[in-house]
Amino acid sequence: MDESATKPVTASNTPFAAAAASSCRIDPRRVHSLLGPLSSRFTLVALAECVSTNSVLLERAGQGAASGSVLVADRQTAGRGRRGRSWLSTPEASLTFSLLWRFEGSVARLAGLSLAVGLAVARGLANSGVGGVGLKWPNDILLAGGKVGGILVDLEATANGSLAVIGIGLNLQLPPDGDEEFLHRPAALAQVMALLPDRQHLLAQLLTDLAEIMDRFADGGFAALRSDWQAYHVWQGRQVRLLDGVLLDRQGLCMGADSDGALLLQTDAGLERCLSGDVSLRAV
Ligand code: ATP
Ligand code: BTN
């Protein structure tokens, strides 16, 4: 594999590029320098191509990779979404990366982690000049009425705690059509920005916000982040349906998420708690 950690590539010195222009390859040294004092908390590797940054980083985690390891790839040949779905991206017109974070305590203590990651991504985008970002429970990043990004968190128990491989995919330009039937309309940063953030600046900003949110999550769990998350949740206080593909749809008023990240739905039968595993949130 071509690991550009060892190869010099052209680095962009400006935080923005014309929306139509393709961004340069990710140079880990450049991202490290943009991270400033946080640099020591991360170890970045950039690949031209891999199957899925989550799959490769999970393997490396099993071989002892440190907390804060980041794997970014220009191209994924089998990018993964939830429940075996695929994630499509175009090289240099998207940002696809995974971050390994190790935690004390069991996997059970990581309930709500993917929502916490959503909050960090929403903040990272806002801090990169992207206006109007929203979140859709449990793992979608929304912009201009479409899905601009997704989060996939793989969890594992370890000998002395637990680990999360946090995968994030963001569209700078719209993804290719291909054979994929999109469940939701895709969106891209280019739809709302004349000048796109440079991918290296964007990655450094996202890692900065992720570090802060992961620290708060490690201290207080999702409960500590819940109200901040709800402020971004586009379905807060609105009528929604939950589809699980098996039982009848449930319908009710979306009351946000509880301290474990479960969705709270006010139905005729009372307040119901829905775990993210197999359900999809839809408008009524
Ligand atoms: P749910 O409401 O069940 O969460 P979802 O569309 O968010 O539905 P996920 O499994 O979270 O489903 O995300 C994977 C889906 O994202 C794929 O099935 C595909 O429809 C869509 N998708 C794949 N690549 C992209 C992309 N680059 N941009 C936007 N959407 C994409
Ligand atoms: C979703 O919306 O279902 C989640 C999509 C997550 C995509 C990212 S891209 C980087 C990382 N590697 C993967 O294979 N998936 C995640």
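Biologist: Which residues are closest to ligand 2, and how many surround ligand 2?

Modeller: This is a predicted model. In it, 20 residues surround ligand 2. The closest are Ser52, Gln76, Arg80, Arg82 and Lys147.

Biologist: What makes the pairing of serine 52 with ligand 2 a polar contact?

Modeller: Check the atoms, then the distance. An N or O atom in the side chain of serine 52 is 2.8 Å from an oxygen atom of ligand 2. The cut-off is a pair of N or O atoms within 3.5 Å, so this pair counts.

Biologist: Which part of arginine 80 lies 2.7 Å from an oxygen atom of ligand 2, side chain or backbone?

Modeller: The backbone. The atom of arginine 80 is a backbone N or O atom. Arginine 82 also uses a backbone N or O atom, 2.9 Å from an oxygen atom of ligand 2. Both distances pass the limit of 3.5 Å, so both pairs are polar contacts.

Biologist: Now ligand 1. Which residues are closest to ligand 1?

Modeller: Arg85, Leu88, Asp140, Ser280 and Arg282, out of 20 residues that surround ligand 1.

Biologist: How do you know that asparagine 139 makes a polar contact with ligand 1?

Modeller: A polar side-chain atom of asparagine 139 lies 3.4 Å from an oxygen atom of ligand 1. The limit is 3.5 Å, so the pair is included. Arginine 85 has a polar side-chain atom 2.7 Å from an oxygen atom of ligand 1. For serine 280, a side-chain N or O atom is 2.4 Å from an oxygen atom of ligand 1. These two pairs also fall within the limit, so they count.

Biologist: On to the helices. Why are H3 and H4 called oblique?

Modeller: Helix H3 spans residues 113–127, and helix H4 spans residues 199–220. They pack at an angle of about 140 degrees, with their axes 8 Å apart. Roughly antiparallel needs an angle over 145 degrees, and roughly perpendicular stops at 115. The angle fits neither class, so H3 and H4 are oblique to each other.

Biologist: Which residues of H3 and H4 make the contact?

Modeller: Leu113, Ala116 and Val117 are among them on H3, while the H4 side includes Leu202, Gln205 and Leu206. By class, there are 13 nonpolar, 3 polar and 4 charged residues. The crossing is right-handed.

Biologist: What makes H1 oblique to H4?

Modeller: The axes of helix H1, residues 28–35, and H4 cross at roughly 50 degrees and come within 9 Å. Roughly parallel means under 35 degrees, and roughly perpendicular starts at 65. The angle lies between these limits, so H1 is oblique to H4. This crossing is right-handed. Arg30, Val31, Leu34 and Leu35 make the contact from the H1 side.

Biologist: Why is the peptide bond from tryptophan 137 to proline 138 called cis?

Modeller: Look at omega. The value is near 0 degrees, and the bond is cis. Proline 138 sits in the loop between strands S5 (134–136) and S6 (140–143).

Biologist: What makes the phi of glutamate 92 worth a look?

Modeller: Its sign. Phi is positive, about 65 degrees, although glutamate 92 is not a glycine. Glutamate 92 lies in the loop between strands S3 (69–76) and S4 (94–103).

Methods
Residues are numbered from 1 along each chain as its sequence is written. Chains are lettered from A and ligands numbered from 1 in the order in which they are written. This is a predicted model: local features need pLDDT of at least 70, side-chain atom pairs count only at pLDDT 80 or more; totals for chains, interfaces and linings use all residues. Side-chain values use heavy atoms; hydrogens and water are left out. Axes are lines fitted to C-alpha atoms, for helices over the stretch in contact, and angles run from 0 to 180 degrees between N-to-C directions. Helices (H or I, at least four residues) and strands (E, at least two) are DSSP runs, numbered from the N terminus. A crossing is left-handed if the near helix is turned anticlockwise from the far one by less than a right angle, and right-handed if clockwise. Contact means heavy atoms within 4.5 Å. Ala, Val, Leu, Ile, Met, Phe, Trp, Tyr, Cys and Pro count as nonpolar, Asp, Glu, Lys and Arg as charged, and the others, Gly among them, as polar. A residue is near a molecule or strand if one of its heavy atoms lies within 4 Å of it. A polar contact is a pair of N or O atoms within 3.5 Å; within protein, one must be able to donate a hydrogen and the other to accept it, and residues adjacent in sequence count only if both atoms are side-chain atoms.
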